[in-house]
Amino acid sequence: MIAFARHRHSVTVHVRGPETKATQLTCPEDWEFFGVELQLGAYLPLFAPAALADLNDALLPTRSGGRVVLDDRDWEMPTPQNVDVFVGRLVRAGLLTVDPAVEDIRHGERPRGMSERTAQLRFRRAVGVSHRRLLGIERGQLAAKLLAAGSSIADAVAAGGYYDQPDLTRAMRAATGHTPGELRTDIPFLAF
């Protein structure tokens, strides 16, 4: 993700990696946040996704006049309305890339001529977590969404492929910081 935080006349720019555990974020008054969630396998080669995991953001330098510095070049600071133009410029400059093999590997296919180990390393380099870890995160998100929508705990166990309710409870605490019962009743806002 590339995230922008604006407070009065200053903006900070963060390159964020994957989140492998529940994190709490606060939104202070008078701040504006916007950003781009990159597709799976899209990353900035200057910043290894694994090094950015779990809020270990890379903070990009900014300059007066609304400029952000990336790869020793000044870029116009985007707004929520034109952030897609900013991303397109990064792609054209070769600073944002998508590994085309990630989608195949994600779905259990291995590109022709690629060993299993090479596929694992390539996936981790582009995504920041192993394929197995990603599957666990996605299972947890699915179960949490079902619970937040009011589905029964038994339905979440079955849909997420969990062994039993205690297995689901451990996964939900790790993925969201809440128990399945809490997710079903009183969580005002939960982002996935």
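How many bridges join strand β1 to strand β2, and in which direction do the two strands run? Six bridges join them, and strand β1 (residues 2-7) and strand β2 (residues 10-15) run antiparallel. One residue pair gives you a place to look: A5 has T12 of β2 as its bridge partner. Please keep in mind that this is a predicted model.

**The protein as a whole**

Let us step back for a moment. The protein has 192 residues, of which 35% count as buried. Seven helices and nine strands are found in it. Taken along the principal axes, a box of roughly 55 × 50 × 25 Å is filled by its C-alpha atoms. Among the contacts with a separation of 6 or more, 57% come from residues 24 or more positions apart.

**The sheet around β1 and β2**

Strands β1 and β2 belong to an open sheet of four strands, and its order is β3-β1-β2-β5, with antiparallel pairing. At the edges you will find β3 (31-36) and β5 (58-60), each of which pairs on one side only. On average, and with direction ignored, neighbouring strands of this sheet are turned by 25° against each other.

A residue worth visiting here is H7, which is found in strand β1. Is H7 buried or exposed? Its relative accessible area is 18%, and because buried means under 20%, H7 counts as buried. If its neighbours within four places in sequence are left aside, H7 is in contact with E29, D30 and W31.

**Two helices side by side**

Now to a pair of helices. Two packed helices are described by the angle between their axes and the distance between the axes. For helix α4 (residues 131-148) and helix α5 (residues 153-160), the axes come within 9 Å and cross at roughly 155°. Angles over 145 degrees count as roughly antiparallel, so α4 and α5 are roughly antiparallel to each other. Their crossing is right-handed.

Which residues of α4 and α5 make the contact? The table lists them by helix.

| Helix | Residues making the contact |
|---|---|
| α4 | R139, L142, A143, L146 and L147 |
| α5 | I153, A156, A159 and G160 |

By character, the residues of this contact of α4 with α5 divide into seven nonpolar, one polar and one charged.

How values were computed
Residues numbered from 1 in each chain as written. Predicted model: local features only at pLDDT ≥ 70, side-chain atom pairs only at ≥ 80, totals over all residues. Heavy atoms only, no water. Axes fitted to C-alpha atoms, helices over the stretch in contact; angles between N-to-C directions. Parallel < 35°, antiparallel > 145°, perpendicular 65-115°, else oblique. Left-handed = near helix turned anticlockwise from the far one by under 90°. Contact = heavy atoms within 4.5 Å. Nonpolar A, V, L, I, M, F, W, Y, C, P; charged D, E, K, R; others polar. Pairing = 2+ DSSP bridges. Buried < 20%, exposed > 50% of the residue type's maximum accessible area, 1.4 Å probe, protein only.
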